[in-house]
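Q: Please take a close look at one helix-to-helix contact in this model and at the charged residues around it. A connected account would suit me better than a list.

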Amino acid sequence: MDTLASLLSPECKHSPRASVQAEVVAIQETIKWKTRHFPQSSCHIHTDGLSVLMALQNHQIRNDLIQWVRIHIDSNIALHWVKAHIGVEGNEAVDRAVKEAATRDSVDIHLGILQNSVKKQLKDLLISEWQRRWDNSGENCRFTHNIYPKVSRTRCLFNNYDIQAVSNHGLCPQYLRRFNLRRCSCRCGEDEHDDIHHYIFRCPLLGHLRRRIHPDVHILRVFSHPILREEMRTILRTV
């Protein structure tokens, strides 16, 4: 039996995993039919679903359908792989039946929504909501938002100086004045916006520490380049 059963239900058209699920269901239904009508007879099931056969050989099966098929395969049932679209009559006959079934208005078997599809949809919804909140986070987060406008699950900053560079929170005059911790300004007197980036990119008193960093370098370039990043940390460590 060919398990090109991805047309069993509309849900199967959206992902390779759903197609594999449909192939497993086709084998499952074949085993059920054989068990009801010919319980003692030998049965050879031919499928072009190589991924299903490989999954059945896996020692750790997490898919309930795959587990069901493995449990119900006995000594009277044998599975065989057949290459698709090479003129094998049985395989071609099933292909024709699948195409004919695809034109029907009704569906015999609803596979439901895959667990992986549910997880992906939930993840996408969470990231979308996270992005919405980040975009509407207000003035307190604008500095960081301008650097990282898109949220990311893989981005993680843990170095103290890196965090200062993307948040503008640190031992700089602007930050100290903002929270009324100290009335001060940078000794260079050349920049009224004496924030963290003033020290990283512009302060002339720290010019001797800059070898590669200059005002035209974007902060993301600094983070992506190990040498620039270490130079930035050295500057902030000196401050």
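A: What follows describes one helix packing contact, the residues that form it and the salt bridges linked to it.

The model is a predicted one. The contact involves α7 and helix α11, the latter covering residues 226-238. Two packed helices are described by the angle between their axes and the distance between the axes. For α7 and α11 the angle is about 90° and the axes lie 9 Å apart. An angle of 65 to 115 degrees counts as roughly perpendicular, so α7 and α11 are roughly perpendicular to each other.

On the α7 side, the contact is made by Tyr 161, Asp 162 and Ala 165. On the α11 side, these residues meet Arg 229, Met 232, Arg 233, Leu 236 and Arg 237. By class, the residues of this contact divide into 4 nonpolar and 4 charged, with no polar ones.

Asp 162 is one of the charged residues at this contact. It belongs to α7, which runs over residues 160-167. With a relative accessible area of 5%, Asp 162 is buried, because the cut-off for buried is under 20%. Leaving out residues up to four places away in sequence, Asp 162 touches Arg 229, Met 232 and Arg 233, and also Leu 157 and Phe 223.

Arg 233 is a second charged residue to follow, since it is among the residues that Asp 162 touches. Arg 233 is buried as well, at a relative accessible area of 17%. Arg 233 forms a salt bridge with Glu 230, and the closest N and O atoms of this pair are 3.9 Å apart. Both residues of the pair lie in helix α11, 3 residues apart, or about one turn of the helix. Glu 230 is partly exposed, with a relative accessible area of 38%. This salt bridge therefore pairs a partly exposed Glu 230 with a buried Arg 233.

The pair is part of a wider arrangement: salt bridges that share partners join Asp 162, Glu 230, Arg 233 and Arg 237 into one network. Asp 162 lies in α7, whereas Arg 233 and Arg 237 are in α11, as is Glu 230.

The whole structure has 10 salt bridges. Another of them joins Glu 29 to Lys 32, with the closest N and O atoms 3.7 Å apart. Glu 29 and Lys 32 are 3 residues apart in helix α1, and are separated by about one helical turn. Glu 29 is partly exposed at 31% relative accessibility, and Lys 32 is partly exposed at 30%.

Methods
Residues numbered from 1 in each chain as written. Predicted model: local features only at pLDDT ≥ 70, side-chain atom pairs only at ≥ 80, totals over all residues. Heavy atoms only, no water. Helix = DSSP H or I, 4+ residues; strand = E, 2+ residues; numbered from the N terminus. Buried < 20%, exposed > 50% of the residue type's maximum accessible area, 1.4 Å probe, protein only. Contact = heavy atoms within 4.5 Å. Axes fitted to C-alpha atoms, helices over the stretch in contact; angles between N-to-C directions. Parallel < 35°, antiparallel > 145°, perpendicular 65-115°, else oblique. Nonpolar A, V, L, I, M, F, W, Y, C, P; charged D, E, K, R; others polar. Salt bridge = Lys/Arg side-chain N within 4 Å of Asp/Glu carboxyl O.
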